[in-house]
Amino acid sequence: MKNILALALCTASLSMYAQDHGLEKDIAAVESKVIEWRRDMHQHPELSNREFKTAEKIAAHLKSLGIEVQTGVAHTGVVGLLKGDHPGKVVALRADIDALPVTERNDLPFKSEVKSEYLGEEVGVMHACGHDTHIAIMMGTAEVLAKNKDKIHGTVKFIFQPAEEGAPPGEEGGAELMVKEGVLDNPKVDAIYGLHIGSYLPVGHIAYKPGGAMAAAQRFVVKIKGKQSHGSQPWGGIDPIFVASKIVDGYQSIISRELELTKEAAVITVGKISGGVRNNIIPESAELIGTIRTLDYDMQKQVNDRMIEMAETIAKAYRADATVEIAKGVPITYNDPDLTATSLPSLQEVAGAENVHLIKAITGAEDFSFYQENIPGFFYVLGGKDPNAGPDEHFPHHTPDFKIDDSGLQLGVKAMTEIALDYLDRSK
């Protein structure tokens, strides 16, 4: 509560930083283009590290604005550099550009019919997480700012990032690779902003949280070694499927009985269990694959350590063996408290203070966090739900029915434009 009150007081004292830059006409003029770009991107999605045509369209647009463009960053990423008429710091704006292996069910005139290959199988491809809106909003923001270089005290770096959803197996990608390839250097970036459309948040609204806003995500694999036997004679073998079920059950006790959940939320989900070939054979091995979500690094270590200990101990109790592999994964999306506080007036200015909401942390994850490990960053949620829709008339991200209302895109352009200009104004 003290932190929230301090943030509110700081916000009130810094309201002077939210300035009217007189960009309403330019923002209104670009809205129809933003909607057209978004629908084009939605109709022609591309999977992670394969966003070739998407990158070409982005680069062509930035070049048409006179923005310095670099392509092929982290495979298919595009970076634009816009130098203002006045000296100052460097602020980065980021949009992710990849789609998901999801077959769309929406009946839209710009519905995706794209098919591709994912992990050796033919799949539908869909912007089922709203990255098409992020691209379009950033393209619109770039156009507005390019027309108003006289109002820019410093430099704006536009980062169009591939593979936010994760690079294909055996490949590097996403924000981690962009940072590795120097996207935050030459010129050195002082702060970074990003947004994510929300199908659950009504158009016209913005949500944010200082500090840990989204969870760290880790992938885990548990491999269980038993002893094969006939299904009619389980006593002749060691059943790894039975052991796997006990490990799944045990993992949930870590969350419900060992973690201080009043401190932060945490999740362990087993998303895949595999083992066996037919009904009457107890197999030699089984495998669990899942995800861990944490919002505190001490809790993350506790979860990781206990998962390894529990799997090995449970397996031993039933005469089996278990090994646990836990990937480093995506860090916590941590909104720098000072940057959040000083940027909040900009969001309140464009959306109205009553439409900007402080929320609790989300157990979803974002690789925007890799930028925030290096420089101050602020990541917020933009409303994308039809304001006339009922409370149950929205569909979660990553589903075939995911849908965004285009009327919310203009606020996205306003927010990204003003938040960048206000940051550079404060820093001059």
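# Notebook: helix packing, cavities and two backbone details

**Entry 1. Helices H6 and H7.** I began with helix H6 (residues 240-258) and helix H7 (residues 297-317), whose axes come within 10 Å and cross at roughly 145°. I noted at the outset that the model is predicted. The crossing of H6 past H7 is right-handed. I then listed the residues that make the contact. From H6 they are Val243, Lys246, Ile247, Gly250, Tyr251, Ser253, Ile254 and Glu258. From H7 they are Gln302, Val303, Arg306, Met307, Met310, Ala311, Ile314 and Ala315. Sorted by class, this contact has 10 nonpolar, 3 polar and 3 charged residues.

**Entry 2. Helices H4 and H10.** I next looked up H4 and helix H10 (residues 409-427), which pack with their axes 9 Å apart and at an angle of about 50°. H4 is therefore oblique to H10. I recorded a right-handed crossing for H4 and H10. H4 brings Thr133, Ile137, Gly140, Thr141, Val144 and Leu145 to the contact. H10 brings Leu409, Gly412, Val413, Met416, Thr417 and Leu421. What classes of residue does the contact of H4 with H10 have? I found 7 nonpolar and 5 polar residues, and no charged ones.

**Entry 3. The second largest cavity.** I turned to enclosed space and found that the structure holds 2 cavities of 30 Å³ or more. The second largest cavity has a volume of about 50 Å³. Its lining consists of Arg94, Ala95, His134, Ile137, Met138, Leu195 and Met416. Two elements give two or more residues to this lining, namely strand S3 (86-96) and helix H4 (131-146). Which element gives the most to the lining of the second largest cavity? I found that H4 does, with 3 residues. I also noted that Ile137 and Met416 line this cavity and appear in the contact of H4 with H10. By class, the lining has 5 nonpolar residues, 1 polar and 1 charged.

**Entry 4. The largest cavity.** How much space lies in the largest cavity? I recorded about 70 Å³. The residues that line the largest cavity are Ala207, Tyr208, Lys209, Ala213, Met214, Asn335, Ile359, Lys360, Ile362, Phe379, Tyr380 and Val381. Strand S8 (206-208), strand S9 (211-214) and strand S18 (377-385) are the elements that give two or more residues to this lining. S18 supplies the largest share, 3 residues. I divided the lining residues by class into 9 nonpolar, 1 polar and 2 charged.

**Entry 5. A cis peptide bond.** I then checked the backbone and found a cis peptide bond between Asn186 and Pro187, with omega about 0°. Where is the place of Pro187? I located Pro187 in the loop between helix H5 (174-180) and strand S7 (191-202).

**Entry 6. A positive phi.** I also looked up His75, which is not a glycine and yet has a positive phi of about 85°. His75 has its place in the loop between strand S1 (68-73) and strand S2 (77-83).

**Entry 7. Review.** I closed by setting the items side by side. The crossing of H6 with H7 is right-handed, and that of H4 with H10 is right-handed. H4 packs against H10 and also gives 3 residues to the lining of the second largest cavity. Pro187 lies in a loop between a helix and a strand, whereas His75 lies in a loop between two strands.

Methods:
Residues are numbered from 1 along each chain as its sequence is written. This is a predicted model: local features need pLDDT of at least 70, side-chain atom pairs count only at pLDDT 80 or more; totals for chains, interfaces and linings use all residues. Side-chain values use heavy atoms; hydrogens and water are left out. On a 1 Å grid over the protein atoms alone, a cavity is a set of points where a 1.4 Å probe fits but cannot get out, and a pocket is an open set with protein on both sides within 12 Å along at least five of seven lines; lining residues have an atom within 4 Å of a point. Grid points are joined across faces, edges and corners, and a volume is the space filled by probe spheres set on the points. Helices (H or I, at least four residues) and strands (E, at least two) are DSSP runs, numbered from the N terminus. Ala, Val, Leu, Ile, Met, Phe, Trp, Tyr, Cys and Pro count as nonpolar, Asp, Glu, Lys and Arg as charged, and the others, Gly among them, as polar. Axes are lines fitted to C-alpha atoms, for helices over the stretch in contact, and angles run from 0 to 180 degrees between N-to-C directions. A crossing is left-handed if the near helix is turned anticlockwise from the far one by less than a right angle, and right-handed if clockwise. Contact means heavy atoms within 4.5 Å. Angles under 35 degrees count as roughly parallel, over 145 as roughly antiparallel, 65 to 115 as roughly perpendicular and the rest as oblique.
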